[in-house]
Amino acid sequence: MAENETLALEIRHVTKRFPGVLANDDVNFDLRRGEIHALLGENGAGKTTLMNIVYGLYSPDEGEFLINGKKVEIKGPHDAINYGIGMVHQHFMLVPVFTVTENMILGSEVTSGPSLDLNRARREIIELSEAHGLDVDPDALVEDIPVGVQQRVEILKALYRKARVLVLDEPTAVLTPQEAEDLFQVMHQLTDKGVSIIFITHKLKEVLNVADRITVMRRGRVVGHTTPKESTQSDLASMMVGRDVILQVEKGAAKPRNVVLEIAGLTVEDERSIASVKDVSLQVRSGEVLGIAGVQGNGQTELVEALTGLRAARGEVQLDGQKLPFENPRFGTEHGLAHIPEDRHKHGLVLPYSLADNLVLCTYYQKPFASNLQRNDRAVDRNAVELIERFDVRSPSQYVTAGTLSGGNQQKVIVARELSRPISLLVANQPTRGLDVGSIEYIHNEIISMRDLGVAVLLVSAELDEIMALSDRIAVMYRGEIVTVVDAGQATREKLGLWMAGLHPGNA
Ligand SMILES: Nc1ncnc2c1ncn2[C@@H]1O[C@H](COP(=O)(O)OP(=O)(O)OP(=O)(O)O)[C@@H](O)[C@H]1O
Ligand SMILES: [Mg+2]
């Protein structure tokens, strides 16, 4: 009994089946008051499903929950909120055109009489944000604030609803390293006040730095428990994927040849007509990886969108000696350009389409997938079966919709599609975001093999480790400009950090 009283949440024997998938298989999990409990596991292991069940979004086939030692029924998010459970989903659920205050009270509106009492809500939000050190402007429009701050709004929203158990599903996937540090501070402040946190992440360093305890899942089951004191990154990696993972990329020297991508004087404006890419010139050669390092929001997104036909731009871009027209994505795909986009839901997949269809999204009208306007289902199917196997996409079949896959498996579908057709240029933006360590190892090796086959690779990543591991040359982007381009061998983490912060390379 005394033991139970210390547990903020207990999950007992939860089983959840989807058609063809045992997503949770007799899962037990307990959360102590005031702890940060990391939930680790390979892509598709069942982490999000388990948390969605706790939050009342899915009902389990079997299992029960105890909160503060008492059995509870959670039939929907409303029950979960009443029991003090809050969840921050990986894809935020905020309304961009509403203010912070409006978003916070959405669904639990404060009224005085028949009218909405926005002022009172606003005051409460200010008090709450001061109490927890979560700095936000209650009057700002959500679309105008950076992701890190939007996340704070999500956390505040949970606290506004009096959450004592907070689920954070891959909260750092979209944050800059500084924003992630800020989040960890907030997490510690919350646990000091007795809030208990379930923290899902694929970044093993973070787990070792912030977790009190760690539970690992694989293929729907809990396969182990540990603590940061008892384990290393490689221990965690092998517990997750069930084999040893080589965390280091092994690659030989690049053999760069002809210029494949030539960017000259490229200027790109954002939604507010402010130049976010300013007169950028760059070359990427066949057989090399050019990495773009930079703090997120320094024009990388706009640069990639301009190159891949998703955004208007000025200047000149050539692909294999041919002028690349702007705002024409199909031209690129038909001329050997592959794109792994930053936002997999917006630009990577059609979620209601099957995996088979998503895997031919740029080629469905070409041979062998169609001839004389006639679709060849056999070829589309065969392609899907092969790619699912090769890229280890965890899915019951090629016929399920992309929307039902776990986040990491959705990412693998995009990578599989883009790397499996004949290409000369790969533009990869955050290619391994949300992937587990085993899949990162695989994708990194694939990118290097593409390079060795003569593909030119333009890599954008917020992970400095990834840039340093894969790049042959590194360009540093700051406030829309390329401040320097260096051979990867000359770049140290410290130097890159300084250049990314805007210090002139000559002085660093
Ligand atoms: N709504 C759904 N319909 C059908 N299958 C689903 C649904 N949601 C999840 N699944 C399946 O359940 C399994 C577990 O998925 P889940 O999203 O829980 O994984 P995860 O551990 O969160 O992985 P990731 O690290 O990639 O986010 C996957 O095989 C997935 O395809
Ligand atoms: Mg998930």
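**Exercise 1. Domains**

Task: In this predicted model, how many Å separate the centres of domain 1 and domain 3, and how many residues does each give to their contact?

Solution.
Step 1. Take the centres over C-alpha atoms: domain 1 and domain 3 are 32 Å apart.
Step 2. Turn to the contact between them. Domain 1 supplies seven residues and domain 3 supplies six residues.
Step 3. Place these domains on the chain. The domain assignment gives domain 1 as 2-241 and domain 3 as 347-421. Domain 2 is written in two pieces, 255-336 + 423-508.

**Exercise 2. The nonpolar cores**

Task: Find which residues touch the most other members of the largest nonpolar core, and which domains feed that core.

Solution.
Step 1. Recall a general tendency. In soluble globular proteins, nonpolar side chains tend to be buried together.
Step 2. Look at the largest nonpolar core. It has 48 residues. Leu-355, Phe-391, Leu-426 and Ile-474 touch the most other members.
Step 3. Check the domains. Domain 2 and domain 3 each give this core at least three residues.
Step 4. Look for another core. A second, separate core has 36 residues, among them Ile-125, Leu-128, Leu-156 and Val-174.
Step 5. Zoom in on Ile-474. Skip its neighbours within four places in sequence. Its contacts then include Leu-290, Ala-293, Ile-467, Val-485, Val-486 and Leu-496. Gly-291 and Thr-484 are also in contact with Ile-474.

**Exercise 3. The shell around ligand 1**

Task: Work out which residues are closest to ligand 1 and which elements give two or more residues to its shell.

Solution.
Step 1. Start with the shell. Ligand 1 is surrounded by 19 residues. Gly-44, Lys-47, Thr-48, Thr-49 and Ser-406 are the closest.
Step 2. Look for atom pairs with oxygen atoms of ligand 1. A side-chain N or O atom of Ser-406 is 2.7 Å from one. For Gly-46, a backbone N or O atom lies 2.9 Å from an oxygen atom of the ligand. For Asn-43, the distance from a polar side-chain atom is 3.0 Å.
Step 3. Ask how well ligand 1 is covered. Alone, ligand 1 exposes 640 Å², and the protein buries 88% of that.
Step 4. Name the elements. β2 (21-32), α2 (47-54) and α15 (407-419) each give two or more residues to the shell. The largest share, three residues, is from α2.

**Exercise 4. Helix α2**

Task: Is α2 mostly covered or mostly uncovered, and what follows this helix?

Solution.
Step 1. Count the buried residues. Seven of the eight residues in α2 are buried.
Step 2. Name them. They are Lys-47, Thr-49, Leu-50, Met-51, Asn-52, Ile-53 and Val-54.
Step 3. Conclude that α2 is mostly covered.
Step 4. Move past the helix. Gly-56 follows α2, and its phi is positive, near 80°.

**Exercise 5. Two aspartates in loops**

Task: Classify Asp-472 and Asp-392 as buried, partly exposed or exposed, then find their side-chain partners.

Solution.
Step 1. Locate Asp-472. It sits in the loop between α17 (464-470) and β23 (473-478).
Step 2. Apply the cut-off. Buried means under 20% relative accessible area. Asp-472 has 15% relative accessibility, so it counts as buried.
Step 3. Find partners of Asp-472. Its side chain makes a polar contact of 2.9 Å with that of Arg-451. Another, of 3.4 Å, links the side chains of Asp-472 and Lys-251.
Step 4. Now take Asp-392, in the loop between α14 (377-390) and α15. With a relative accessible area of 37%, Asp-392 is partly exposed.
Step 5. Find partners of Asp-392. A polar contact of 3.1 Å joins its side chain to that of Arg-394. Beyond four places in sequence, Asp-392 touches Leu-387, Asn-409 and Lys-412.
Step 6. Compare sequence and space. Asp-392 and Lys-412 are 20 residues apart along the chain, and 7.9 Å separate their C-alpha atoms.

**Exercise 6. Backbone angles**

Task: Where are Asn-68, Asp-279 and Pro-368, and what are their backbone features?

Solution.
Step 1. Asn-68 lies in the loop between β4 (62-67) and β5 (70-72). Its phi is positive, near 50°, though Asn-68 is a residue other than glycine. Asn-68 is partly exposed, at 43% relative accessible area.
Step 2. Asp-279 is in strand β14 (residues 275-285). Its phi is also positive, about 50°, and Asp-279 is not a glycine. At 55% relative accessible area, Asp-279 is exposed.
Step 3. Pro-368 is in the loop between α13 (355-358) and β19 (370-371). The peptide bond joining Lys-367 and Pro-368 is cis, with omega about 0°.

Notes
Residues numbered from 1 in each chain as written. Chains lettered and ligands numbered in written order. Predicted model: local features only at pLDDT ≥ 70, side-chain atom pairs only at ≥ 80, totals over all residues. Heavy atoms only, no water. Core = buried A, V, L, I, M, F, W, Y, C linked by side-chain atoms within 4.5 Å. Buried < 20%, exposed > 50% of the residue type's maximum accessible area, 1.4 Å probe, protein only. Domains from an automatic or database assignment. Contact = heavy atoms within 4.5 Å. Near = heavy atom within 4 Å. Polar contact = N/O pair within 3.5 Å; in protein donor to acceptor, adjacent residues only side chain to side chain. Areas by Shrake-Rupley, 256 points an atom, 1.4 Å probe, with all protein chains shown as cover. Helix = DSSP H or I, 4+ residues; strand = E, 2+ residues; numbered from the N terminus.
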